[in-house]
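The exercises below each set a task and then work through its solution step by step. Please look over the sequence and the model before reading on.

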Amino acid sequence: MLIIHIVAFAHMVGGILIVFGLFTRRSVLIQIPIIGYAFLLNFIEIFNWSNTIQSGICLLLCLFFVYFGGGKHSADYNFKMEQ
């Protein structure tokens, strides 16, 4: 039960950080194992196409943000330009 609460908290905090663009690469790296497990879980239990496609797209977007970062409209970029 403790692991479920830790994963849920990490997922919510990481999602909020990604939305605002704070520590984008680090928070996406924390999200990749959670979303990767959600993708693999579709093959273990009852197979559902919509859940598989949704988690696959989310996993691809996470890999995209790890590689490219937050972009010009993120808070990380604004803090970097102020220095």
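**Exercise 1: the cysteines**

The structure holds 0 disulfides, a disulfide being a pair of cysteine sulfur atoms within 2.5 Å. The model is a predicted one, in which local features need pLDDT of at least 70 and side-chain atom pairs count only at pLDDT 80 or more, while totals for chains, interfaces and linings use all residues. Residues are numbered from 1 along each chain as its sequence is written, and side-chain values use heavy atoms, with hydrogens and water left out.

Task: explain why Cys-62 is in no bond with the closest cysteine sulfur, and state how far away that sulfur is.

Solution. Step one is the distance: the closest cysteine sulfur to that of Cys-62 belongs to Cys-58 and lies 4.8 Å away, which is too far for a bond. Step two is the surroundings of each residue, where buried means under 20% relative accessible area, exposed over 50%, and partly exposed in between (1.4 Å probe, protein chains only). Cys-62 is buried, with a relative accessible area of 8%, whereas Cys-58 is partly exposed at 32%.

**Exercise 2: Thr-52**

Task: decide whether Thr-52 is buried or exposed, and find which residues it is in contact with, leaving aside neighbours within four places in sequence.

Solution. Begin by placing Thr-52, which belongs to helix H3, residues 49-68 (helices are DSSP runs of H or I with at least four residues, strands are runs of E with at least two, and both are numbered from the N terminus). Its relative accessible area is 8%, so Thr-52 counts as buried. With contact taken as heavy atoms within 4.5 Å, and with neighbours within four places in sequence left aside, Thr-52 is in contact with Phe-39, Asn-42, Phe-43 and Phe-47.

**Exercise 3: the chain as a whole**

Task: describe the secondary structure, the extent and the burial of the chain.

Solution. Count the elements to begin with: the chain has 4 helices and 0 strands, and from the N terminus on they run α-α-α-α. Next, take the extent of the C-alpha trace, which spans about 50 × 30 × 15 Å along its principal axes. Then turn to burial, for which 20% of the 83 residues of the chain count as buried. Finally, consider contacts between residues at least 6 apart in sequence, of which 56% join residues at least 24 apart.
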